Structure formats: C-alpha cells, structure tokens
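Visitor: I would like a close look at one part of this model, the charged side-chain pairs. Please take me through them in one go.

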Amino acid sequence: MTTETITADAAGTWTLGDLPVNRIGFGAMRLTGSAAFHLGTPSDRKRSIAVLHKARELGVNHIDTAAFYFSSLRSANEIINSALSPYPDDLVIAAKVGPFRNYTGEWGTSARPEDLRGHVEENLRQLGRDHLDLVYLRRMRQDSIAEHFGALAELREAGLIRHLGISDVEPRHLAEAQAIAPVMCVQNRFGLDSHNPRTDDILRICGEQGIAFVPFFAIAGKGGSHGAASGHDAEVLAVARAHGATPAQVRLAWTLAQGPHVLAIPGTGNPDHLTENIAAGALRLTDEERDTLDSLRHKAV
C-alpha cells in the first residue's frame with residue numbers, strides 16, 4: 001500500500017471530552033531507545049526529534065508519554081518539549097502517573113495518593129506546560145483505585161489536569177472511578193497476541209458508554225517493552241500480502257477495527273516505521289480477514 005501521502009486523519013477522529021484527536025496517534029516510549037526504559041540502546045536524539053516532527057507533518061495530534069519514559073541518556077518528555085514547544089493548539093498530550101523510577105532507572109515503590117501531585121508536576125516541568133490535557137492513573141496491582149483517582153480528581157479541580165483516564169484496569173475499577181469523576185479513556189494491554197476476557201469487557205463497556213479505549217503494545221505484542229518480535233503468524237502474513245502491507249500495519253488496522261472509540265498509539269524511533277504506522281489508518285480489512293484475525297487472537301493467552 002502507498003504510505004507517503006497518508007495522514008493520521010485517514011483513521012478517523014474521536015473527541016476526548018472537548019479535545020478532538022485523530023484515532024491514530026503516537027506513543028513516546030520508544031523515543032528514548034531501541035527498547036523501553038533501560039532495556040535497549042539509547043536513541044539518537046536528533047533522530048527522535050525528527051520522528052516527532054514527521055508525526056506532526058502527518059497529522060498526529062495525540063501523543064502518549066510519561067515521566068518514567070527515560071533511558072540512561074534520553075527522556076521522552078524532554079525530547080517532546082524540545083521538538084514541539086511551543087505546542088500547537090490542536091496537540092493533545094497524555095501522561096501516565098502511578099509507577100515510579102528513580103534517577104538510576106530502577107523501579108521504586110508505586111505512588112501513594114499523596115505522591116500523585118508530585119508525579120503530575122514532574123510531567124509538567126519536563127514538558128514545559130502549565131496543565132496536562134489528559135492524565136491516566138496507571139493501576140499498580142492495588143485492589144481499589146478510589147483514593148488514587150480521587151487525588152487526581154482534586155488536581156483536575158485545581159486546573160493542573162484537563163481530563164482523566166485509567167490504565168491496566170478491570171470493569172470494576174472503571175465503575176469505581178466514574179463514581180468520583182468523569183473518565184475519558186481507558187488504556188489496557190490489547191492486541192492479537194493477548195486475550196484477556198476482562199479487557200474484552202472493558203473494550204465493550206467503553207464502546208457502549210462513549211469512552212475511548214487506548215490499547216498499548218498493539219504492535220509489540222508479546223515483545224512488550226522490549227519491542228516488537230520479528231516472527232508473525234501465518235494468518236497475519238497472509239493478510240499483509242493481500243494488502244501489500246506490513247504485519248505491523250495489519251495489527252494496527254485490526255486494532256482500529258475494534259470500534260470507532262478505539263485509538264491507536266504505536267510508538268517508534270524510526271521515521272520510516274512512523275510513516276508506515278500512520279498509513280495503517282487507511283487499511284480496511286474485509287469481514288473475512290477480521291474473522292480470521294479474531295480467531296487467531298482467541299487462541300492467544
């Protein structure tokens with residue numbers, strides 16, 4: 001499939017509260033290196049900045065990031081700030097809080113509710129902003145998210161946050177959060193390589209309630225933070241050949257086909273891969289192809 005002239009609006013649009021975004025955005029995790037966090041080789045800073053400039057040229061107006069996205073030499077938020085500040089009015093930047101990494105890169109104790117203001121302010125400082133468009137509470141195995149989400153709701157009332165989301169949750173957590181403040185989006189792991197019935201329930205509930213569902217690792221699959229694996233199932237390869245597309249594009253197209261409320265945030269540090277990812281928004285799978293890929297996913301664990 002042709003990629004050079006395809007822009008992010010080919011995937012369609014969604015409105016996060018009062019913020020319109022194209023359904024295919026950009027995840028900043030891979031700006032820092034060949035794999036997330038400290039797992040890979042730090043990236044070339046100029047190349048990462050070029051990726052962000054290319055993303056904007058191709059119409060990306062939704063970027064997902066976090067203060068804990070950094071390697072030994074690179075910070076995703078610092079790169080975003082350097083590349084895109086002063087920020088365009090149409091650009092929506094989403095951040096996640098909850099997990100914590102210290103300056104050596106080691107994972108620390110997850111945030112307590114009273115710590116979340118510091119997490120939000122660190123994202124603000126790194127990004128050079130006076131408010132965050134969207135903040136996800138990333139659940140870190142706690143049974144209840146009420147106290148943590150309540151703390152973010154207070155920061156929303158104070159004007160530091162515009163909209164709230166939750167991540168790595170079950171349906172009961174969504175209901176718990178909605179009793180405190182509006183939830184604009186849910187971010188869970190979701191893709192052809194993982195099948196979690198509770199996440200399927202969340203996907204359905206979000207569609208019924210008009211809440212955005214924003215899957216992560218849609219391309220990386222089992223590779224997760226280490227990056228996408230090189231092997232692909234025969235079914236994915238067959239669909240890719242039929243469309244003259246890459247397996248990654250097929251995975252993204254399948255993700256977007258799950259509903260108009262589904263937003264994709266593929267990440268990359270490669271400008272060519274970025275162009276391919278954006279172009280996947282124009283790939284339309286047939287009903288038969290979707291059924292084949294759905295069956296493949298239901299075999300996953």
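Visitor: Which residue forms a salt bridge with Asp-18, and how far apart are the closest N and O atoms?

Guide: Arg-162 is the partner of Asp-18, and the closest N and O atoms are 2.9 Å apart. A salt bridge here is a side-chain nitrogen of Lys or Arg within 4 Å of a carboxyl oxygen of Asp or Glu. This is a predicted model: local features need pLDDT of at least 70, side-chain atom pairs count only at pLDDT 80 or more, and totals for chains, interfaces and linings use all residues. Residues are numbered from 1 along each chain as its sequence is written, and side-chain values use heavy atoms, with hydrogens and water left out.

The Asp-18 pair links distant parts of the chain. Asp-18 sits in the loop between strand E1 (13–16) and strand E2 (19–22). Arg-162 belongs to strand E7 (residues 161–167), 144 residues apart from Asp-18. Helices (H or I, at least four residues) and strands (E, at least two) are DSSP runs, numbered from the N terminus. Asp-18 counts as partly exposed because its relative accessibility is 44%. Arg-162, at 35%, is partly exposed too. The cut-offs: buried is under 20% relative accessible area, exposed is over 50%, and partly exposed lies in between (1.4 Å probe, protein chains only).

Next, a pair between two helices. Glu-78 and Arg-45 meet through their side chains in a salt bridge, at 2.7 Å from N to O. Glu-78 is in helix H2 (residues 76–84) and Arg-45 in helix H1 (residues 45–57). They are 33 residues apart, so this pair also links distant parts of the chain. Glu-78 has 31% relative accessibility and counts as partly exposed. Arg-45 has 30% and falls in that class as well.A third pair joins Asp-168 and Arg-138, with N to O at 4.0 Å. Asp-168 lies in the loop between E7 and helix H5 (171–178). Arg-138 is in strand E6 (residues 132–138). The two are 30 residues apart. Asp-168 counts as partly exposed, at 31% relative accessibility.

Salt bridges also form a network here: Asp-143, Glu-170, Arg-172 and Arg-198 are linked in it. By this rule the count comes to 18 salt bridges. Side chains of opposite charge can pair when their charged atoms come close.
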